[in-house]
Amino acid sequence: MIEFTVNNQAVSFDGEGNTPLLWVLRDHFRLTGTKFGCGIGRCGACTVHIDGKAEKACTTEVSSLAGRRVTTIEGLAPSDDRLHPVQIAWIEEDVPQCGYCQAGMIMQAAELLQVNPNPSDDDIAGHMSNLCRCGTYVRIRKAIHRASGLLQEVV
Amino acid sequence: MRPAHSQPAERVDRGRRRFLVGGLTATGGFLLGVPLAHLNAAAATDATGGKIGFFIEIKPDNHVVIGVAQPEIGQGVRTSMPMLVAEELDVEWSKVSISQMPLGIVKTADGFTWKYGGQGAGGSTSVSDNWEFLRGVGATARHMLKDAAARRWGVPIQSCRTEPGVVICDALNERLGYAELALDAAALPIPDEPPALKDPSEFRIIGQATRVVDARDIVTGKARYGIDAELPGMRYAVIRRCPYLDGDVESLDDSAARKVPGVLDVFRIEGPKPGEPYLILATGVAVVATSTWAALEGRKALKVTWTRGPHAQESTDAFWNQAGELLSGEGQVVRNDGDFGQALGSAKQVVSARYQVPFVNHAPMEPQNCCADIREASAHIIAPTQMPSGASRAVAAVTGLPRENIHVEMTRVGGGFGRRLTNDYVAEAAMISKKIGAPVKLQWSREDDVRHDFYRPSGLHELRAGLDGEGHITAWTHRLASAGKYYRRADVKPEEQYAAELYVDDFPANIIQNLRVEWFEVPSGVPRGSWRAPAHTANAFAVQSFVDEVAHAAGLDPLQLRLSLYGESRELPYEQHGGPTYNPFRLSRLLSHVAERIDYARPRPPGRAVGIASHFTFGGYGAHAVEVVVGGNGELSIERIVAAVDCGLVVNPLGVTAQLEGGTIDGLSTALNLEITVEKGQIQQSNFHNYRLLGLKDVPVDFETHILPWGDTPTGMGEMGLPSLAPALTNAIFNASGVRIRKLPIKDQLRKALA
């Protein structure tokens, strides 16, 4: 039995310890916002925060999570009626096309802004390794700059 | 990629508006849609409570729900389709929400017809095909609301007008909200004559920058894709498919797999025999389990050996050799204008080049998946599909069930690009559900998706032009040896296979008088299908590269040569998809625009240069200008991209911009790095480590898009932003480095050439 928290709720999992967090979230906890893209940690569609750091859920074995804190896209917003600045910026810049990769993108961008509240284009290029097949990168870049501005307004 | 070509089409009922009825919702709202009597049994008992089938629902609180019949694959139809309805209905866009409609087909004496109009995402047709129809739906509802108000006030309907959400009679100084009229309107007959539509100058919604309607759901993880669907009591399944093209299971030892915790069943899945049409792609072994991970672990524990099949000797090198040999002979002449041979013989200068375009994988971010519940007399399918009628046909083929008893629900789709025009994964899920007698969710891995696809056809293009010594092209030929996408299609005759590879009215047909187009079939066991802008991607690369090569050989400027060939504004015949005519001047207009934006004429230092290209795709027009720097060792830096599109009247500028940005990046990604290769009858690539999609870091910051509207009707937009990018890029590379890239993808060719 592995106990940890997901979006500030205590959870437990008593299946195989080598099950990737991705499938635990999706099949067992029915948190389907975290997406399956490649299974080898290359595309970032499954990006979640573990103890505040962006990690690939598809290559994170659930056995490594005992006592740790997982945040998924469903838990990123401070409340139902108040979105995270990255989410707001994503809507305002009209980023999504098919939208499938965007949860991972947003989790990756939220981490970037946490460590670097005012990233340059180069900083964004260096951090945003997630893949988007629709090619929303131009608007992702704009949205991260916009979110950076929103964060500074809040402060 | 037009649905009618890719699948036997449903017969479209041109009088589909006659299906419309007004009605009352349970909560006292007004419903305009299709009567329940037209719905099949499965749909009518669906949990959505009889709301299925509506186009418009006006709620008592004045909110409006608009049904979308088309699949949303990221092309933005869940935003653009309702905009058409809302415009003519005359409501505030902020009061509109959206509901996805399921597949709607109606059994007739001689087959099936559409209930809500054609449903499918292919060929960039959603906006253009529904432009009149969906505005007509909105106008019909508005007419009925006005009629209801006029009767209540005892005035002629002509004295009533609307403002968003209200009917107004100026003479009486009266106004009533739509919701207050809903009860009355629901009882009125549909007007016999379709009401007049607005003049574009009156549009309040069409043409406005409108954000993706599902954006909030997407950014909070609530949007539902196929992979997120569930059926009560469902099992999870994966399939180990034969890695050899048309190979088979030789031996299977599933003893270890069956011991994996959670594994419930293991059995063979029969694929098509070599050469047969594809219902599914390959023979394989299915593993059914209590979770996705258990199924994947079970699959890992399978011990399978395979027979290598009839294509065991196939390789990419052999493919190119064979294509080259074919081009030295005579092919199928599919267009022959004037006297090409005579014109070439008397030319003062002849230019010739060959271009190579590889197989590529669709690689949508959401791997294939499908939920299927096959019962004795009915079936329920939830699938991310571009072609829900194809899903219905696939399930009928697997189960023998009558199609009217197969209920197909569409989810948001995590990318289409043509992959999900084919419903092989739906057929597989149906096979598994039927076998186990329980609902199932079939999940493909990324490896499954890269190794088993209907790849974009690969081909070798030979172009040759003759010039008269004064800079006029007098003869032109395009000869293509390719593995055609109509491979193994039961409904396409051998002599018609070329039609998916070469669109014979494409530029420069009807412009260069002596013109010959020839096709050669290269045998291959690689499955092929429609990949975004199908043959346009390959042909635009070959033709637009060659125009530059001709210009350089003749000492002409590539932009001026194009402008003089495209000529004055006029319609030229175009019998393929996107016709019946096209106007090459619209390409000139775009080219002039991107050339000006990128400062085409400005001299640049050695190693830095721009390239341009333009192409007409399925009714829309695109052009690109790209500025690159090529370093002394062949390092390529893409400094700037200017993209422009003319898609007629613009319905949603944000949607058009997204498609243009995305299409351009798709073009860049594919041109730079993407190819599928074959060795010993097996696909060599397997995941994103060796099929490397472009990342954000490789997209230049200096990236601008321009929309140049034209006329008062829209064309599609899903595919037009892609084809001209690759040749604009390789033309720029040549201008910067002197290295002509004639083989895609570019990969490390520049480094090798300049080392």
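**Entry 1, the contact between the chains.** I began with the contact in this predicted model and found that 45 residues from chain A and 47 residues from chain B take part in it. I then looked up which elements give two or more residues to the side of chain A that touches chain B, and noted α1 (21-28), α2 (85-92), α3 (102-115), α4 (121-127) and α5 (137-154) of chain A. Of these, α5(A) gives the most, with 4 residues. Sorting that side of chain A by class, I obtained 24 nonpolar, 13 polar and 8 charged residues.

**Entry 2, a sheet in chain B.** I turned to chain B and traced an open sheet of 4 strands, which follow the order β27-β28-β29-β32 with mixed pairing. I recorded β27 (608-617) and β32 (703-707) of chain B as the edge strands, since each pairs on one side only. From one strand to the next, I find that the twist averages 15°.

**Entry 3, one strand pair.** I looked at β28 (residues 620-630) and β29 (residues 636-646) of chain B, which run antiparallel and are joined by 10 bridges. Within this pair I picked out B:Glu627, which stands opposite B:Arg640 in β29(B).

**Entry 4, helices on the sheet.** I checked what packs on the sheet and noted helix α17 (residues 653-673) of chain B, which touches β28, β29 and β32 of chain B and whose direction makes about 130° with that of β32(B). I also noted helix α18 (residues 725-737) of chain B, which packs on the sheet by touching β27, β28 and β29 of chain B, its direction making about 155° with that of β27(B).

Terms used:
Residues are numbered from 1 along each chain as its sequence is written. Chains are lettered from A and ligands numbered from 1 in the order in which they are written. This is a predicted model: local features need pLDDT of at least 70, side-chain atom pairs count only at pLDDT 80 or more; totals for chains, interfaces and linings use all residues. Two residues are in contact if their C-beta atoms, placed from the backbone, lie within 7 Å. Ala, Val, Leu, Ile, Met, Phe, Trp, Tyr, Cys and Pro count as nonpolar, Asp, Glu, Lys and Arg as charged, and the others, Gly among them, as polar. Two strands pair if DSSP finds at least two bridges between them. Axes are lines fitted to C-alpha atoms, for helices over the stretch in contact, and angles run from 0 to 180 degrees between N-to-C directions.
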